[in-house]
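The report below goes through one structure, region by region, and is best read with the sequence and the coordinates open side by side.

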Amino acid sequence: RRFLLKKLFLDWPLRRLRYVTAISETTKNEILKFTNCAPEKILVIENPLQSQYLTRAAYKFNAGEPKILQVGTLENKNVGRLIEAISGLACKLRIIGKIDESLHNNLLTHRISFENLYDLDDEQMRAEYVNADIVSFCSTYEGFGMPIIEAQSVGRPVITSNISPLREVAGAGACLADPFDPSKIRAGIERIIDDEAFRMSLISAGFKNVGRFQPSIIAAAYKRLYDKVLHEVGSHVG
C-alpha cells in the first residue's frame with residue numbers, strides 16, 4: 001500500500017510536472033531523498049501568514065506565573081519532553097490539541113497546571129497567542145512551523161527546536177533548544193522568564209522576521225513562478 005501511494009501521489013506526478021514547490025529546504029531535501037526528481041525542478045516558497053496575524057498585540061509579561069502555549073499534541077510535537085522540562089516550574093501550560101490518556105497521566109504525574117483546548121477557529125487561535133506569555137514549539141520534526149511566525153507576528157517570545165526547518169523559519173526571533181533534551185528546553189524557558197532584555201530582543205527580532213512571510217511577498221513569488229511557466233510554455237509552443 002505504501003508503495004502504491006508513493007507512486008500515485010509522489011513519483012508519477014513529479015514526472016509530469018514542470019516545477020514543484022516546497023515550503024522549506026527540509027521538505028525539498030526530503031523530496032529529493034525519496035524520489036529521482038531533478039533538484040532544479042523544486043522551488044522553495046514558504047508559507048504566508050494569514051490576515052488575522054498581520055497586527056501586533058499589547059503585551060504584559062507575567063513573570064510570576066507565565067502562561068506557556070503549546071500548539072499541537074501529535075508525537076512529533078514533543079509535548080512529553082516539554083512537560084518534563086517545566087516540571088516544578090511556576091507556570092501554566094495551555095495545550096492546543098486533543099490529549100490522550102498517556103499524555104494526561106504524564107501531566108498529572110509531573111503536577112503540571114494545565115488547560116486543554118482543541119477545534120479552535122482562526123480567531124480563537126490568534127487569541128491564544130495574544131493571551132500567552134511564551135509560545136513553545138519544540139517539535140522533533142516539522143515541514144515548516146507556522147506557530148513560530150504566528151507567535152512572532154503578535155509579539156510573543158518563542159522557544160523552538162534547534163533543527164531545520166524550525167531555526168530557519170524562526171530566524172533570530174526565537175530561543176533555540178535541543179528538542180531531545182528537556183534540560184535544554186527548561187534552560188531556554190527560564191532564560192525567557194528571567195532575562196527581560198533577552199525576552200524583548202526575541203520579540204523585536206520576531207517582528208522583523210515575519211516581514212518575509214507577508215502574503216504579498218509569498219504571492220509575488222508564486223506570480224514569478226507562474227510567469228516563468230507561461231513564458232516557457234509559450235516559447236515551446238512557438
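## Gln152 and its surroundings

Gln152 is found in helix H6, which covers residues 146-153, and in this predicted model the residue counts as buried, with a relative accessibility of 1%. The side chain of this buried glutamine makes a polar contact with the side chain of Asn209, at 2.8 Å.

Once neighbours within four places in sequence are left aside, the residues in contact with Gln152 are Val158, Ala170, Gly173, Ala174, Gly206, Phe207, Asn209 and Val210. Asn209 therefore appears both in this list of contacts and as the polar partner of the Gln152 side chain, while Gln152 itself is buried because its relative accessibility of 1% falls under the 20% cut-off.

## The nonpolar cores

The largest nonpolar core has 26 residues, and those with the most contacts inside it are Ile86, Leu93, Ile134, Ile159, Ile185 and Ile189. At least two residues of this core come from each of helix H3 (79-86), strand E4 (92-96), helix H4 (101-109), strand E8 (175-177), helix H8 (182-194) and helix H9 (196-209). Helix H3 provides the largest share, with 5 residues. A second core, separate from this one, has 24 residues and includes Ala132, Val154, Leu166 and Val169.

Leu93 can serve as an example of the surroundings of a core residue. Apart from its neighbours within four places in sequence, Leu93 is in contact with Ile68, Gln70, Leu82, Ile83, Ile86, Leu107, Ile112, Ser113, Phe114 and Glu115. Among these contacts is Ile86, which is itself one of the residues with the most contacts inside the largest core.

## Aromatic rings and charges over rings

A search of the whole structure finds 4 aromatic pairs. One of them joins Tyr53 and Tyr129 in an edge-to-face arrangement, with 5.7 Å from centre to centre and 80° between the planes. The pair links distant parts of the chain, since Tyr53 lies in the loop between strand E2 (42-44) and strand E3 (67-71), whereas Tyr129 lies in helix H5 (residues 122-131), 76 residues apart. Tyr53 is buried, with a relative accessible area of 3%, and Tyr129 also counts as buried, at 0% relative accessibility.

Arginine side chains are found over rings as well. Arg191 lies over the face of Phe198, at 3.7 Å from the ring centre, and the charged end of Arg199 sits over the ring of Phe61, 3.8 Å from its centre.

## Backbone features in loops

The peptide bond from Ser164 to Pro165 is cis, with omega near 0°, and Pro165 is found in the loop between strand E7 (158-161) and helix H7 (166-170).

Positive phi values occur at Arg111 and Asp119, neither of which is a glycine. For Arg111, which is found in the loop between H4 and strand E5 (114-117), phi is near 55°, and the residue counts as exposed at 79% relative accessibility. For Asp119, whose place is in the loop between E5 and H5, phi is about 60°, and this residue too counts as exposed, at 67% relative accessibility.

## Cysteines without disulfides

The search of the whole structure finds 0 disulfides. Cys91 is not bonded in this way because the closest cysteine sulfur, in Cys138, is 13 Å from its own, too far for a bond. Cys138 is likewise in no disulfide, and the nearest cysteine sulfur to it, that of Cys175, is 8.2 Å away. Cys91 is buried, with a relative accessible area of 5%, and Cys138 is buried as well, with a relative accessible area of 2%.

## Leu32 in helix H2

Leu32 has its place in helix H2, residues 25-34, and is partly exposed, with a relative accessible area of 26%. Not counting residues up to four places away in sequence, Leu32 touches Cys37, Ala38, Pro39 and Ile42. The C-alpha atoms of Leu32 and Asp194, which are 162 residues apart along the chain, are separated by 43 Å.

Conventions: Residues are numbered from 1 along each chain as its sequence is written. This is a predicted model: local features need pLDDT of at least 70, side-chain atom pairs count only at pLDDT 80 or more; totals for chains, interfaces and linings use all residues. Side-chain values use heavy atoms; hydrogens and water are left out. A nonpolar core is a set of buried Ala, Val, Leu, Ile, Met, Phe, Trp, Tyr and Cys residues joined through side-chain atoms within 4.5 Å. Buried means under 20% relative accessible area, exposed over 50%, partly exposed in between (1.4 Å probe, protein chains only). Helices (H or I, at least four residues) and strands (E, at least two) are DSSP runs, numbered from the N terminus. Contact means heavy atoms within 4.5 Å. Rings of Phe, Tyr and Trp (its six-membered ring) pair if their centres lie within 6.5 Å; planes under 30 degrees apart count as stacked, over 60 as edge-to-face and the rest as tilted. A charge sits over a ring if NZ of Lys or CZ of Arg is within 6 Å of the ring centre and within 35 degrees of the ring normal. A polar contact is a pair of N or O atoms within 3.5 Å; within protein, one must be able to donate a hydrogen and the other to accept it, and residues adjacent in sequence count only if both atoms are side-chain atoms. A disulfide is a pair of cysteine sulfur atoms within 2.5 Å.
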